[in-house]
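Reader: I should like to learn how to read the interior of a protein model. May we work through one together?

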Amino acid sequence: MDKIILDMYSLLKRISDNCTENFSGIGIVVYDERVFDSNCHCDLRPNNKCKNYNIKDERIVNYLIDVSDYHNDLHDGFDMIDSKGNLTHVAQYFVPPIVKRFQPNLKHGVRLHSSICGSVLDGVICIGVISSGRDIYILRNGSYVNLEELEG
């Protein structure tokens, strides 16, 4: 399994294990900045700048938990991490084109379905999602990554 997938799973697990009752859920797009089309997203809160943390920096966990709180203006949208593991954007409007062959997950909403469709875009390495109910998903090339394999 790719190192970035393992790092993403570790990050999602640490967020899920430490988030509060006001956690709104989170979607994180990991992208290759050389290929990813920057027109696929825009700032929902353009006056706010995200902290420049790395995926392995423990401070990223608390930061992403804080911005994913329902009371934080940055809780909506997707956050973005480049291929080097650096957090580059928070609260991004990310709505990829609908891929008709992908059916929505009946248990979860638009964030997960956007992630499934977005995971096939050029330059998207993977997308990690934690639902408000703490369910963890990693999507790559339109498929769910088997998380049991990552735990082994």
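Author: We shall look at buried helices and then at nonpolar cores. This is a predicted model, in which local features need pLDDT of at least 70, side-chain atom pairs count only at pLDDT 80 or more, and totals for chains, interfaces and linings use all residues. Residues are numbered from 1 along each chain as its sequence is written, and side-chain values use heavy atoms, with hydrogens and water left out.

Reader: Which residues of helix 2 are buried?

Author: Buried means under 20% relative accessible area, exposed over 50%, and partly exposed in between (1.4 Å probe, protein chains only). Helices (H or I, at least four residues) and strands (E, at least two) are DSSP runs, numbered from the N terminus. In helix 2, residues 59-67, the buried ones are Ile60, Val61, Tyr63, Leu64, Ile65 and Val67. Their cover includes helix 1 (3-18) and strand 3 (78-82).

Reader: Why is helix 3 described as largely enclosed?

Author: Helix 3 (residues 110-118) is largely enclosed by the rest of the structure because eight of its nine residues are buried. Among them are Arg111, His113 and Cys117. These buried residues pack against several strands, including strand 5 (124-130) and strand 6 (136-140), where contact means heavy atoms within 4.5 Å.

Reader: Which members of the largest nonpolar core touch the most other members?

Author: A nonpolar core is a set of buried Ala, Val, Leu, Ile, Met, Phe, Trp, Tyr and Cys residues joined through side-chain atoms within 4.5 Å. Of the 32 residues in the largest one, Leu11, Ile15, Ile28, Leu64 and Ile138 touch the most other members. Helix 1 gives the most to this core, with seven residues.
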